[in-house]
Amino acid sequence: MKYFRIIAIIIIFILVFIFLNKLLAPKYMEDLVEGSMTSAYYDEEKNHEVIFIGDCEVYANFSPLEMYQNEGIVSYVRGNSQQLIWQSYYLLKETLKYEIPKVVVFNVNSMRYDEPVSEAYNRLMIDNMKWSKEKVDLIEASMTDEENILYYIFPILRYHSRFAELKQEDFDYLFKTKKNTYNGFLINKNVKPAENLPTKRRLANYSFSDICYDYLNKIRDLCKENGITLVLIKAPSLYPYWYDEYEEQIVKYSAENAIPYYNFTKYVQEIGIDYSLDTYDGGLHLNLSGAEKMSKYFGKILKETFNLTDYRNDDNVSKLYEEKLKEYNKAKEA
Amino acid sequence: MNKKVLIIILLVIVLVVGAIEAYIVFGGKKSTKNSNQDSKVQDEASQEEEWSYTYEGMKIEIGKEFTKEKYGEEISYSEIASCAFDGLDKTYTYEHYEITTYPAENEKENILSIYFLDETIATDEGVSIGDSYDKMVEAYSDSYENHDNLYTYRKGDTLLNFIVENDTITSIEYTLDVEQN
């Protein structure tokens, strides 16, 4: 009886501890929804022929459902705010545990960053990722000097001060999630025309760091080992500036490794992007109308160049995507 | 009885959390005692000396509040949002330099950096874009931090950055040391 009581107390202790960890961790469902991007993937059917990997330039600029509607492409965007290249690598590695796509599209913007930027962005990406070896490796690679892996394992250590700031969202989404993206695409319908930008500043060094090349090579090798075609892109944006020196290095890498590369900043007119209408933040990211144009343009290239399947002719997939499109169109009109 | 057990469990959790956090903070990477001392020394240094730039008698101080009343009407203005978080980095472009600000408390803006746009202006110590590396060393000494073409002179929480290419200064910027702040 005494042992039974001790075991019961230990179990209650563990349950209360788990509950508090869950309660105090940010939910990212109503507020700061960018924190729900990583976990949204887990609820999806894992049958994608194309996976997009990268930072905010992919989740804002490429709409998989637009590509399905126009070309029958089944794709998913695994992108997060300020997703650094090592984070993209581990996220791709995790993705390949669930499915092997035909094509992986990687946005090269993050090649310019060679060290962790901030804990806040790490948290947005990592907090809701499922525990796996990839998550542990990702945390190790991403932590800033002030962070400790224990803060990720036990969110209560990091977020105990939230106790006084808990909102309704923390209770509403304690055991459930809300869909904020459409195959990883985050809709933003706001319009903020591109007007003035800061002066293009000289840099002390334009060369990408060895660490960035190492991870780009790892992405290349991971794709090769799994028979996946890797495609490099630079999503359209006016800022931060994509320097000619950056471009030269990617063009060289692409040629040396026989990897296709598309720099969409050069095709803005052809795509039909109008920066007075198609951006929500003055030229950094495309809004919904810009993403639709971009997706239409790139969808055609993907379909024709990489011989992708038209899933609109597949009964099972088309049934699922009809439902997805209904929700997507509803969100577009809301 | 059950209520009592639950209260004890909660207290134990609070103690465990406190103990682990104390271990991370005090026993981990940082010693608070030392970092407090460091920051005190730094604070004192910061109060003593910070980089500032004077343009036509107007002193522009890094990390201090920016107001148009004080610095005048800009030629052009741009604002850059972060990917997910609130707040904007605002850039005010004047004829010869650009001031970038960051959001501070009470919706105020503080000066993050001053970036020289041309060779017609000089630092308070008389160095301009187009001058040589030797002139920079003559004015500021050779006690700089160097990475690639970047030469940095530190004062408190502020930095004065020169980019030198082929022995010629091609960029001058005063900025807040964002890693320290």
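Two strands count as paired if DSSP finds at least two bridges between them, and helices (H or I, at least four residues) and strands (E, at least two) are DSSP runs numbered from the N terminus. The model is predicted, so that local features need pLDDT of at least 70 and side-chain atom pairs count only at pLDDT 80 or more, while totals for chains, interfaces and linings use all residues. Residues are numbered from 1 along each chain as its sequence is written, chains are lettered from A and ligands numbered from 1 in the order in which they are written, and side-chain values use heavy atoms, with hydrogens and water left out.

**Exercise 1. Describe the sheet of chain B and follow the strands E7, E8 and E9 of that chain through their turns.**

Solution. Begin with the strand order: chain B has an open sheet of eight strands, arranged E3-E4-E5-E6-E10-E9-E8-E7 with antiparallel pairing. At the edges stand E3 and strand E7 (145–147) of chain B, each with a single partner strand, so one side of each is left without a neighbour in the sheet. From one strand to the next the twist averages 20 degrees, where axes are lines fitted to C-alpha atoms, for helices over the stretch in contact, and angles run from 0 to 180 degrees between N-to-C directions.

Next, take the pairing of E7(B) with E8(B): three bridges join these antiparallel strands, and B:Asn146 has B:Tyr151 in E8(B) as its bridge partner. Their hairpin has two residues between the strands, and B:Asp148 in it takes a positive phi near 50 degrees.

Then move on to strand E8 (residues 150–155) of chain B, which is joined to E9(B) by six bridges in an antiparallel arrangement. B:Tyr153 stands opposite B:Leu160 in E9(B), and B:Arg154 has B:Leu159 as its bridge partner in that strand. E8(B) and E9(B) also form a hairpin with two residues between them, in whose turn B:Gly156 has a positive phi of about 60 degrees.

Finally, look at the loop between E5 and E6 of chain B, where B:Glu107 lies; this residue has a positive phi of about 60 degrees although it is not a glycine.

**Exercise 2. Describe the sheet of chain A and the helices that pack on it.**

Solution. First establish the order, which is E2-E1-E3-E4-E5 in an open sheet of five strands with parallel pairing. The edge strands of chain A are E2 (75–79) and E5 (261–263), each of which pairs on one side only. Neighbouring strands are turned by 20 degrees against each other on average, direction ignored.

At one edge, strand E4 (residues 229–234) of chain A runs parallel to E5(A) and is joined to it by three bridges, with A:Lys234 standing opposite A:Asn263 in E5(A).

Now add the helices, taking contact as heavy atoms within 4.5 Å. Helix H5 (residues 85–98) of chain A packs on the sheet and touches strand E1 (50–54), E2 and strand E3 (103–107) of chain A, with a direction that makes about 155 degrees with that of E1(A). Helix H12 (residues 244–256) of chain A touches E4 and E5 of chain A, and its direction makes about 160 degrees with that of E5(A).

As a last step, examine the loop between E4 and H12 of chain A, which holds A:Pro240; the peptide bond from A:Tyr239 to A:Pro240 is cis, with omega near -5 degrees.

**Exercise 3. Characterise the interface of chain B and chain A, and locate the salt bridge of A:Lys192 and B:Glu79.**

Solution. Start with its extent: 41 residues of chain B are in contact with 40 residues of chain A. The buried area (the accessible area, with a 1.4 Å probe, that two parts lose on being put together, summed over both) is about 3300 Å², of which carbon and sulfur atoms give 65%.

Then count the salt bridges (a side-chain nitrogen of Lys or Arg within 4 Å of a carboxyl oxygen of Asp or Glu): there are four between chain B and chain A, and the structure holds 36 over all chains. A:Lys192 lies in the loop between helix H10 (168–172) and helix H11 (210–225) of chain A and B:Glu79 in strand E3 of chain B, so the pair joins two chains. The side chains of A:Lys192 and B:Glu79 meet at 2.9 Å, N to O.
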